[in-house]
Amino acid sequence: EGEEEMRLYSLIGLRKKDIGLLFIAQALFIGLIAFVLSLVESIFIDGFINKVLSNLFNTSMSFNINIIPFIVCFIIAFMLCYLSSKITTSIMLQKH
């Protein structure tokens, strides 16, 4: 799929550098959306589990979120998305 897109972009006149940047931006955007959705999902699941456990044991549990682990995970995930897309794009551009 990526090679066909790359050929199409070459045919319409994009430089290899621009094609590489386009693929990297696309990967980072997809990674950002996936991270945000997983963050929202984990917050809802954590809240749900806290509510179930507090009802099960007849106690009140506080629901607080420490944002630092989320920021660290975001930075790591963003770097991995960038590196993987950069490597893949470089390999694909060398073939053409």
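This passage describes how two helices pack in a predicted model, together with the aromatic rings between them and the loop that joins them.

The packing involves helix 2, which spans residues 16-56, and helix 3, which spans residues 67-95. Their axes come within 9 Å and cross at roughly 150°. Because angles over 145 degrees count as roughly antiparallel, helix 2 and helix 3 are roughly antiparallel to each other. The crossing of the two helices is right-handed. On the side of helix 2, the contact is made by K16, I19, G20, F23, I24, A27, L28, G31, L32, F35, L39 and S42. Helix 3 contributes F70, C73, F74, F78, C81, Y82, S85, K86, T89 and L93. Sorted by class, the residues of this contact comprise 15 nonpolar, 5 polar and 2 charged ones.

Aromatic rings were examined next. A pair of aromatic rings is described by the distance of the centres and the angle of the planes. A search of the whole structure finds 3 aromatic pairs. One of them is formed by F35 and F74, with 5.0 Å from centre to centre and 55° between the planes, and this pair is tilted. The pair links distant parts of the chain, since F35 lies in helix 2 and F74 in helix 3, 39 residues apart. The two partners can also be described by their accessibility. F35 has a relative accessible area of 15% and is therefore buried, the cut-off being under 20%. F74, at 27% relative accessibility, counts as partly exposed. Ring pairs further link F35, F74 and F78 into a cluster. Each of these residues also appears among those that make the contact between helix 2 and helix 3.

Another residue of this contact is K86, which is found in helix 3. With a relative accessible area of 38%, K86 is partly exposed. The C-alpha atoms of K86 and A27 are separated by 9.2 Å, although the two residues are 59 residues apart along the chain. A27 belongs to the helix 2 side of the contact.

The loop between helix 2 and helix 3 contains N58. The phi angle of N58 is near 50°, a positive value in a residue other than glycine. N58 has a relative accessibility of 71% and so counts as exposed, for which the cut-off is over 50%.

Terms used
Residues are numbered from 1 along each chain as its sequence is written. This is a predicted model: local features need pLDDT of at least 70, side-chain atom pairs count only at pLDDT 80 or more; totals for chains, interfaces and linings use all residues. Side-chain values use heavy atoms; hydrogens and water are left out. Axes are lines fitted to C-alpha atoms, for helices over the stretch in contact, and angles run from 0 to 180 degrees between N-to-C directions. Helices (H or I, at least four residues) and strands (E, at least two) are DSSP runs, numbered from the N terminus. Angles under 35 degrees count as roughly parallel, over 145 as roughly antiparallel, 65 to 115 as roughly perpendicular and the rest as oblique. A crossing is left-handed if the near helix is turned anticlockwise from the far one by less than a right angle, and right-handed if clockwise. Contact means heavy atoms within 4.5 Å. Ala, Val, Leu, Ile, Met, Phe, Trp, Tyr, Cys and Pro count as nonpolar, Asp, Glu, Lys and Arg as charged, and the others, Gly among them, as polar. Rings of Phe, Tyr and Trp (its six-membered ring) pair if their centres lie within 6.5 Å; planes under 30 degrees apart count as stacked, over 60 as edge-to-face and the rest as tilted. Buried means under 20% relative accessible area, exposed over 50%, partly exposed in between (1.4 Å probe, protein chains only).
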